[in-house]
Amino acid sequence: MHALVIDDEVQVRRFVSAVLRDEGWEVSEAESAEQAFELLRERDWGVVFCDVMMGGANGFSVLKRFKEELPQTKVVLMTGHGTAVGALDATAFGAYDYLLKPFGVEALQSLSRAVQERLARQPHHRLVAGKGASLLYQSDIDLVGRSGAFIEVMKQVGRVAATNLPVLLTGESGTGKEVVASALHRRSRRGEQPFVAVNCGAIPGELIESELFGHMKGSFTGADRDRRGLWEEADGGTVFLDEITETSAAFQVKLLRALQEGEIRRVGSNRTQQVDVRVVAASNRDVEGEVKGGRFRQDLFYRLNAVSIVLPPLRERREDILPLAKSFAEQVYSLNPAVNFAPEALALMERYPWPGNIRELENAVVRAAAMCDGTIRVQDLPERVRTNRPETAATTANKTELEKREGDAQEWASLAEIEGRYVARVLEQTRGNKQAAARLLGVDRKTLDRMIKRHNINFGNLAHFPLTRRPSGNLFVSGPTYHF
């Protein structure tokens, strides 16, 4: 069996080659992707170990080229800069594994033996015509994360993306289930088709069937015309059913039929119609516990649970807090100078457990970025985050500085003014999208409407006025209307 090791670092290349030779492989080496492409047709390569970051073509180009011309070759990508999107793309594009450096002999031995077992069950390799590969690769998915826990999750997502199986995502509220579902859809064969997200908990029980499956004119009061449901809108694509455990038993029966038969019936219609959708469901509850408690149908659970993926809470992926926070801050100031983070604020954020997970982190960072003077400091963070840290000399110094700033009343606006400016700033960021603004603010739409009215926010001027600051860096309001 032939193995090819590709890495521009001599020590890594020789280490991997030595372990593979001890495992019985005939090993060849290449120091670049271009050299590997020259060797591609010389052997029926059983396995290729390739570094991701190299000069010229990178590891993803090698992966795509080898999978096109030697589909049965197992490609293992090695990286010292692992990311969640890298793990997703690697496995979705056919990598056998995504190996994080530094790794030991045991990891290589385990992979080697697993590949040998797989190859023993496969027919002999056969070369096929290839299309070539571009020298550079950059993912089109903007997914933030580099922690080992999240990388392992995205490796699972990448592997299941190519199938048509239903997927059940579980995890605490705010862990990014919709983002993961969207990434899964985009790396599936349905990626060019619609992705329709439905929050089952936000739709009244008596309306959810109509929302998903549509209705006929006259089927109930207010049904003044025939209406397609979201299931039909997603035909050929993916439906994401968030908070699936919030649905009623009656609806669960109808959902089960739609999954089993691939057909739906509009409310008030006697005719069924075939609709081709893939279902990704999610819940922040223990779904098996809901089944045992009689609140969720067991047969529907087994139908949705073909593949189950658990998303880790943010406290178990603390390496992702900083990149996520920077990403959220950049979204707020996308048209302005970048926001920086004071080291003390970053340390505090990394220690805080974030019970609301990514959603809570986003809310805290967006608020801090909108109110800070260009650098997010300890005093810009929510009180619940500030009070989580232990008392130290640095803590006392920061408190003294905060008290000093608070003592200069002329530099600080009232709490009501701050709220008005913040709401207007968020509305500007969402380009007037009230639903998105309400989500960032952590309030419902009615509350947001009351805030807009109370602070006399001129909705039409949101995008036409620059953000003005006082000399101290605090946001400034001119006149009775908030202009941003």
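This briefing walks through a β-α-β unit, the largest pocket and the largest cavity of the structure above. The model is a predicted one. Its largest pocket holds about 1200 Å³ of space, while the largest cavity has a volume of about 40 Å³.

**The β-α-β unit**
- Strand E4 (residues 74-79) and strand E5 (residues 97-100) run parallel and are joined by four bridges.
- To find this pairing in the viewer, start at Val-76, whose bridge partner in E5 is Asp-97.
- Together with helix H4 (residues 84-92), the strands E4 and E5 form a β-α-β unit that is right-handed.

**The largest pocket**
- A good place to look is around Gly-176, Glu-178, Val-179, Arg-359 and Arg-439, which lie nearest the centre of the pocket among its 35 lining residues.
- Several elements each supply at least two lining residues: helices H7 (177-186), H13 (321-332), H15 (357-371) and H19 (434-441), along with strands E7 (195-199) and E8 (238-242).
- Helix H7 gives the most to this lining, with six residues.
- By residue class, the pocket lining divides into 14 nonpolar, 11 polar and 10 charged residues.

**The largest cavity**
- The structure has one cavity of 30 Å³ or more.
- Its lining is made up of Val-332, Val-366, Ala-370, Arg-425, Val-426, Gln-429 and Leu-440.
- Helix H18 (415-429) and helix H15 each supply at least two of these residues, and the largest share, three residues, comes from H18.
- Five of the cavity-lining residues are nonpolar, one is polar and one is charged.
- Helix H15 is thus worth a second look, as it appears in the lining of the pocket and in that of the cavity.

Conventions: Residues are numbered from 1 along each chain as its sequence is written. This is a predicted model: local features need pLDDT of at least 70, side-chain atom pairs count only at pLDDT 80 or more; totals for chains, interfaces and linings use all residues. Side-chain values use heavy atoms; hydrogens and water are left out. Two strands pair if DSSP finds at least two bridges between them. A crossover is right-handed if, with the strands pointing away from the viewer, the path from the first strand over the helix to the second runs clockwise. On a 1 Å grid over the protein atoms alone, a cavity is a set of points where a 1.4 Å probe fits but cannot get out, and a pocket is an open set with protein on both sides within 12 Å along at least five of seven lines; lining residues have an atom within 4 Å of a point. Grid points are joined across faces, edges and corners, and a volume is the space filled by probe spheres set on the points. Ala, Val, Leu, Ile, Met, Phe, Trp, Tyr, Cys and Pro count as nonpolar, Asp, Glu, Lys and Arg as charged, and the others, Gly among them, as polar.
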